Amino acid sequence: GPGQAEMYAGLQELGVANGEDLKETLTNCTEPLKAIEQFQTENGVLLPSLQYALPFLDLHGTPRLEFHQSVFDELREKLLERVSAIALEGKVEERYKKLEDLLEKSFSLVKMPSIQPVVMCVMKHLPKVPEKKLKLVMADKDLYKACAVEVKRQIWQDNQALFGDEVSPLLKQYILEKENILFSNDISFLQNFFSPSPKTRRQGEVVQKLTQMIGKNVKLYDMVLQFLRTLFLRTRNVHYCTLRAELLMSLHDLEISEICTVDPCHKFTWCLDACIREKFVDNKRARELQGFLDGVKKGQEQVLGDLSMILCDPFAINTLALSTIRHLQDLVGQDTLPRESPDLLLLLRMLSLGQGAWDMIDSQVFKEPKMEAELITRFLPLLMSFVVDDHTFTVDQKLPSEEKGPIPYPSTIPEAFTKFLQENRIACEIGLYYILHITKQRNKNAFLRLLPALVETFSDLAFSDIFLHLLTGNLTLLSDEFALEEFCTSLFDGFFLTACCRKENVHRHVLRLLLHLHHKVAPAKLESLQKALEPTKQSGEAVKELYNQLSEKLELRKPSPAEVTETPSMELPLPTVPTPASR
């Protein structure tokens, strides 16, 4: 076929006879057998000792092809070893000269499957494959596919579009993996989105593949960062910021100094990575991080765009927010005001920088966002007052009660708190983390008190996937409260259902939660929730799928009609237990 002709086309250029020549010889000869013998002699393996060995192999029924093939495979192995050796020996210019000559000679045979590995091996060892050869490889899909990554890097660095086509599916896969974790059906407060250590995350398939594609090539690294910035701007998806940090730290793990030394964020990211590992910013590292921020020189402000993207990584924000909550609790104990704590102010400064990443990269105005004084003088003291309310209530519960009866838990929220959550991004982020904190402490009173403030928050942060993922996990700690009508009404009717119909993701998170906790929910409440959560025509596949799973579980729980009629005999009146007044 035409493929064959093309495959062996290179042989003639090298003065080696091929099938076409044999055909020609046989067409124009009088004694075909003699002609074949002559062709075999001229083109066979030129070793005198073989003259007698070959007929012997013929007697054993070993086809000549098989013999030649095995000789060929041996030679090819030797050649591949030799090429790899040449690439390491002698003076640099000389060894590359040898390899270039070899490439010149062999490239015309690159289509022959048997020779192709040798040609590819030569190219792989050449730091600069001649432009013309790269163009030929690029123009041929199969050749391009067969290339070693070392050769592809040389092609990619001057072809951003082609490199983009290779990287794009990996980035899509990465985002999908993140979303699958956030929406996973396993709900637990022990294992959540933020549980894996940074080192574990960097072993992920996408990070490893990108690291391999980049190698030590700064130009390719810069291209990937450019893709990530562009996608972050286009989608506002913060997982691209995580990948930005993971990629740099993956190259750091491999000690690729060619890249790490030229990325101005390297040391900052390395230090922050250690904090993320501990889920806390300690004083020593806080000083170090502050040093990097204060050290941004005039004329180099653009680095703030990169640092802000590193700080916008949800794993960084999680660490900063958790540290902030811990600091606030410590301040309550020390009777100190937030504005008197430099560590706390630094955490807020980094939170602002991270939360301002999108605006900074979008506007290309590289300066740190201004910190609002109110955040420090009014909002944080408010949060501290909530901590104090909890202490007071707990102590009051333990004191012998006088005639006045038990002191109720404060049920109103200061209007300022609600307003801050609506209007100030940093306040909202910290407020949400405070709510996660009290839920984790199983503090039902504080949770129900603050929950109404979540219905309207800054850019709907309380309905974002990361927050809902963490909240549903922590709510499993309050699972016994789901039997109480009042608790369910506050949580579902008062919060979740206010957004279910306008936000598909909220619908999904509620269904995830119920799949996990349905057996704890009072039957009447469960029935009304099942009605309220029914998918609409507009609902996506994920919602329908979850709803069906839930319905199946609830079907299994329903007693069969036969059981219902027999139960009265079993139902003995339970002894009445006095309920505590606080309920």
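How are helices α23 and α24 oriented to each other? In this predicted model, α23 and α24 are oblique to each other. Helix α23 spans residues 373-398, and helix α24 spans residues 415-423. The two pack at an angle of about 125 degrees. An angle of this value falls outside the ranges for roughly parallel (under 35 degrees), roughly perpendicular (65 to 115) and roughly antiparallel (over 145), so the pair counts as oblique. The axes of the two helices lie 10 Å apart. The crossing of α23 past α24 is left-handed.

Residues from both helices make this contact. Helix α23 contributes Glu374, Leu375, Arg378, Phe379, Leu382, Leu383 and Phe386. Helix α24 contributes Ala416, Phe417, Phe420 and Leu421. By class, 9 of the contact residues are nonpolar and 2 are charged. No polar residues take part in the contact of α23 with α24.

The protein chain as a whole holds 32 helices and 0 strands. It has 583 residues, of which 44% count as buried. Contacts between residues at least 6 apart in sequence were also examined. Of these, 72% join residues at least 24 apart.

Aromatic rings form a further theme. The structure holds 17 aromatic pairs. One of them joins Trp156 and Phe163, with ring centres 5.2 Å apart. The planes of Trp156 and Phe163 stand at 40 degrees, so this pair is tilted. Trp156 has a relative accessible area of 2% and is therefore buried, the cut-off being under 20%. Phe163 has a relative accessibility of 0% and also counts as buried.

Phe163 also forms an aromatic pair with Phe227. The centres of these two rings are 6.1 Å apart. Their planes meet at 40 degrees, and the pair is tilted. This pair links distant parts of the chain. Phe163 sits in helix α11 (residues 160-182), whereas Phe227 sits in helix α14 (residues 218-235). The two residues are 64 residues apart. Both Phe163 and Phe227 are buried.

Ring pairs also build a cluster elsewhere in the sequence. Its members are Phe447, Phe463, Phe482, Phe487, Phe492, Phe495 and Phe496.

How values were computed: Residues numbered from 1 in each chain as written. Predicted model: local features only at pLDDT ≥ 70, side-chain atom pairs only at ≥ 80, totals over all residues. Heavy atoms only, no water. Axes fitted to C-alpha atoms, helices over the stretch in contact; angles between N-to-C directions. Helix = DSSP H or I, 4+ residues; strand = E, 2+ residues; numbered from the N terminus. Left-handed = near helix turned anticlockwise from the far one by under 90°. Contact = heavy atoms within 4.5 Å. Nonpolar A, V, L, I, M, F, W, Y, C, P; charged D, E, K, R; others polar. Phe/Tyr/Trp six-rings, centres within 6.5 Å; stacked < 30°, edge-to-face > 60°. Buried < 20%, exposed > 50% of the residue type's maximum accessible area, 1.4 Å probe, protein only.
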